[in-house]
Amino acid sequence: MATLTTSNSTIFTQLPIPTVRATSRTANCSISQLACRNLSIGIRSGRKLGFGIGFGAKRFGIRCGVTEIDETQFSELVLKSEKAVLVEFVATWCGPCRLISPAVDWATEEYKDKVKIYKIDHDKNPELIEKYKVYGLPTLILFKDGKEVPESRSEGAMTKKKLKDHLDGLLKSKAMT
């Protein structure tokens with residue numbers, strides 16, 4: 001079932017993502033699974049349907065991956081969780097946040113049995129930003145038993161490999177046992 005939300009002049013809808021196969025004279029490309037990035041379909045000048053983002057294009061974004069929560073849900077979903085919880089503090093205007101997004105989406109699936117992962121929008125949740133002293137974006141903080149795990153905080157974009165090493169190290173640490 002598709003859901004539709006609007007934000008300014010942008011319309012977001014969630015739809016199932018089909019398998020895509022693109023063929024050209026120079027290359028064959030098969031994409032059977034998208035990495036849960038925002039996929040935009042632009043309608044330019046009301047006439048032409050195309051992929052990508054352009055000036056004056058209306059965008060239909062397909063979102064998947066990490067669940068976004070806010071200050072009202074934080075206590076229940078993060079602090080009272082029986083599992084460890086990784087919280088990603090991000091902002092829509094933050095370039096490094098967009099860079100780390102595919103790695104965090106991957107971690108959501110890879111570590112689903114060990115860690116819950118939530119996203120918090122920096123601009124919409126000022127009390128959490130102040131309480132946890134989030135000074136740089138993106139910031140990742142691991143919580144266990146209602147408290148921040150010591151030395152779990154990480155600021156800035158990182159590759160999937162660095163994120164994996166970071167999470168594996170935290171999950172093996174004494175603070176997690």
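# Exercises around strand S10

S9, helix H2 (residues 95-110) and S10 make a right-handed β-α-β unit. Right-handed here means that, with the strands pointing away from the viewer, the path from the first strand over the helix to the second runs clockwise. The helices (H or I, at least four residues) and strands (E, at least two) are DSSP runs, numbered from the N terminus.

Before you start, note that this is a predicted model, in which local features need pLDDT of at least 70, side-chain atom pairs count only at pLDDT 80 or more, and totals for chains, interfaces and linings use all residues. Residues are numbered from 1 along each chain as its sequence is written, and side-chain values use heavy atoms, with hydrogens and water left out.

## Exercise 1: The whole protein

Task: How many helices and strands does the protein have, and what share of its residues counts as buried?

Solution:
- Step 1. The secondary structure comes to 4 helices and 13 strands.
- Step 2. Of the 177 residues, 34% count as buried. Buried means under 20% relative accessible area, exposed over 50%, and partly exposed in between (1.4 Å probe, protein chains only).
- Step 3. Turn to the surface: the protein exposes about 11900 Å², and carbon and sulfur atoms supply 53% of that area. Such areas come from the Shrake-Rupley method with a 1.4 Å probe; for residues, only the protein chains shown count as cover.
- Step 4. Now look at contacts, meaning heavy atoms within 4.5 Å. Among contacts between residues at least 6 apart in sequence, 59% join residues at least 24 apart.

## Exercise 2: The partners of S10

Task: Which strands pair with S10, and in which sense, parallel or antiparallel?

Solution:
- Step 1. Recall the rule: two strands pair if DSSP finds at least two bridges between them.
- Step 2. Strand S8 (residues 67-69) pairs with S10 in the parallel sense over 3 bridges. Here Glu68 stands opposite Lys119 in S10.
- Step 3. Strand S9 (residues 84-90) also runs parallel to S10, joined by 7 bridges. Ala84 has Val115 as its bridge partner in S10.
- Step 4. Check how covered the strand is: S10 is largely enclosed by the rest of the structure, because 6 of its 7 residues are buried.

## Exercise 3: Two neighbours in S10

Task: Is Ile120 buried or exposed, and what does Lys119 touch?

Solution:
- Step 1. Find Ile120 in strand S10. Its relative accessibility is 0%, so Ile120 counts as buried.
- Step 2. Leaving aside neighbours within four places in sequence, Ile120 is in contact with several residues, including Phe74, Asn125 and Leu128. Ile120 and Phe74 lie 46 residues apart in sequence, and 9.0 Å apart in space, C-alpha to C-alpha.
- Step 3. Lys119 is also placed in S10, which spans residues 115-121. Not counting residues up to four places away in sequence, Lys119 touches Val66, Thr67, Glu68, Ile69, Glu88, Val90 and Ser101.
- Step 4. Lys119 is buried yet has no salt bridge, that is, a side-chain nitrogen of Lys or Arg within 4 Å of a carboxyl oxygen of Asp or Glu. The nearest side chain of opposite charge, Glu88, is 4.2 Å away. For charges, Lys and Arg count as positive and Asp and Glu as negative, while His and the chain ends are not counted.

## Exercise 4: Following S11

Task: Which strands does S11 pair with in the antiparallel sense?

Solution:
- Step 1. Begin with S9, which runs antiparallel to S11 over 5 bridges. Glu88 has Leu140 as its bridge partner in S11.
- Step 2. Move to S13, which is antiparallel to S11 and joined by 2 bridges. Leu140 has Ser154 as its bridge partner in S13.
- Step 3. Finish with S12, which pairs with S11 in the antiparallel sense over 2 bridges. Phe143 stands opposite Glu148 in S12.
- Step 4. S11 is mostly covered, with 5 of its 6 residues buried.

## Exercise 5: Backbone details

Task: Where is Asp145 found, and which residues does a cis peptide bond join?

Solution:
- Step 1. Asp145 is found in the loop between S11 and strand S12 (147-148). These two strands form a hairpin with 2 residues between them.
- Step 2. Asp145 has a positive phi of about 55 degrees although it is not a glycine. Asp145 is exposed, with a relative accessible area of 60%.
- Step 3. The cis peptide bond joins Leu137 and Pro138, with omega about -10 degrees. Pro138 sits in the loop between helix H3 (126-131) and strand S11 (139-144).
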